[in-house]
Amino acid sequence: MDDLTLCLYEFLLERRMGYLWKDEEYRACNLKVRLQEERMESRLNEEQRKELDLLLDHIAERNSLEKSYLFQALLELIRELNAL
């Protein structure tokens with residue numbers, strides 16, 4: 001991402017994503033994820049917990065990259081539409 005795109009993306013995350021975090025559907029989904037993670041961790045030994053944490057970190061990183069690319073694609077689409 002170039003500097004302007006990164007600035008816009010960070011602005012969006014800081015200023016506009018609050019609506020998502022307050023959304024009841026999002027909160028319910030987030031709660032289900034946390035509860036499932038706790039249930040899984042309670043059944044695992046220390047090494048397995050480390051592996052689970054690593055897996056979850058990699059999934060979060062992948063999701064972050066996907067969102068970043070989606071944001072960039074959206075900006076490109078907006079530019080194309082403005083050119084019409």
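Guide: Let's start with a word we'll need: a residue is buried when its relative accessible area is under 20%, exposed when that area is over 50%, and partly exposed in between. Keep in mind that this is a predicted model.

Visitor: Got it. Are Tyr 9 and Phe 71 buried or exposed?

Guide: Both Tyr 9 and Phe 71 are buried. They also make up a feature worth a look, since the structure holds one aromatic pair. The ring centres of Tyr 9 and Phe 71 are 5.1 Å apart, and their planes meet at 55 degrees, so we call the pair tilted. This pair ties distant parts of the chain together: Tyr 9 sits in helix H1 and Phe 71 in helix H4, 62 residues apart.

Visitor: How do I read the length of a helix such as H4, and which residues does H4 cover?

Guide: The idea is to allow 1.5 Å a residue and see whether the ends fit. Helix H4 runs over residues 46-83, which is 38 residues, so a span of 56 Å is expected. Its end C-alpha atoms are 56 Å apart, and that agrees.

Visitor: What happens at the start of H4?

Guide: Look at Asn 45 there: one of its side-chain oxygens comes to within 3.0 Å of the backbone nitrogen of Glu 47.

Visitor: And which residues of H4 are buried?

Guide: Four names to find: Leu 52, Ser 68, Phe 71 and Leu 75. Helix H1 (3-16) and helix H3 (24-42) are among the things that cover them.

Visitor: Can we zoom in on one of those? Where does Leu 52 lie, and what does it touch?

Guide: Leu 52 is part of helix H4. Its relative accessibility is 10%, so it counts as buried. Setting aside neighbours within four places in sequence, Leu 52 is in contact with Met 40, Glu 41 and Leu 44. Take Glu 41 as a partner: it is 11 residues from Leu 52 along the chain, and their C-alpha atoms are separated by 8.0 Å.

Visitor: What about the H1 side? Which residues does Thr 5 touch?

Guide: Thr 5 is found in helix H1. With a relative accessible area of 7%, it is buried. Leaving out residues up to four places away in sequence, Thr 5 touches Phe 71, Gln 72, Leu 75 and Arg 79. You've met Phe 71 and Leu 75 already, as buried residues of H4.

Visitor: Now for charges. How many salt bridges does a search of the whole structure find?

Guide: To spot one, look for a side-chain nitrogen of Lys or Arg within 4 Å of a carboxyl oxygen of Asp or Glu. The search turns up three. One joins Glu 46 to Arg 49, with the closest N and O atoms 3.3 Å apart. Both residues lie in helix H4, three residues apart, about one turn of the helix. Glu 46 is partly exposed at 49% relative accessibility, and Arg 49 is partly exposed at 28%.

Visitor: Which residue does Glu 66 pair with?

Guide: Glu 66 bridges to Arg 62, their closest N and O atoms being 3.9 Å apart. These two also both lie in H4, four residues apart, about one turn of the helix. Glu 66 is partly exposed at 46%, as is Arg 62 at 48%.

Visitor: And the bridge of Arg 79, how far is it from N to O?

Guide: Arg 79 meets Glu 76 at 2.6 Å. Both are in H4, three residues apart. Arg 79, at 43% relative accessibility, counts as partly exposed, and so does Glu 76 at 39%. Remember that Arg 79 is also one of the residues Thr 5 touches.

Technical notes. Residues numbered from 1 in each chain as written. Predicted model: local features only at pLDDT ≥ 70, side-chain atom pairs only at ≥ 80, totals over all residues. Heavy atoms only, no water. Expected span 1.5 Å × (residues − 1). Buried < 20%, exposed > 50% of the residue type's maximum accessible area, 1.4 Å probe, protein only. Contact = heavy atoms within 4.5 Å. Polar contact = N/O pair within 3.5 Å; in protein donor to acceptor, adjacent residues only side chain to side chain. Phe/Tyr/Trp six-rings, centres within 6.5 Å; stacked < 30°, edge-to-face > 60°.
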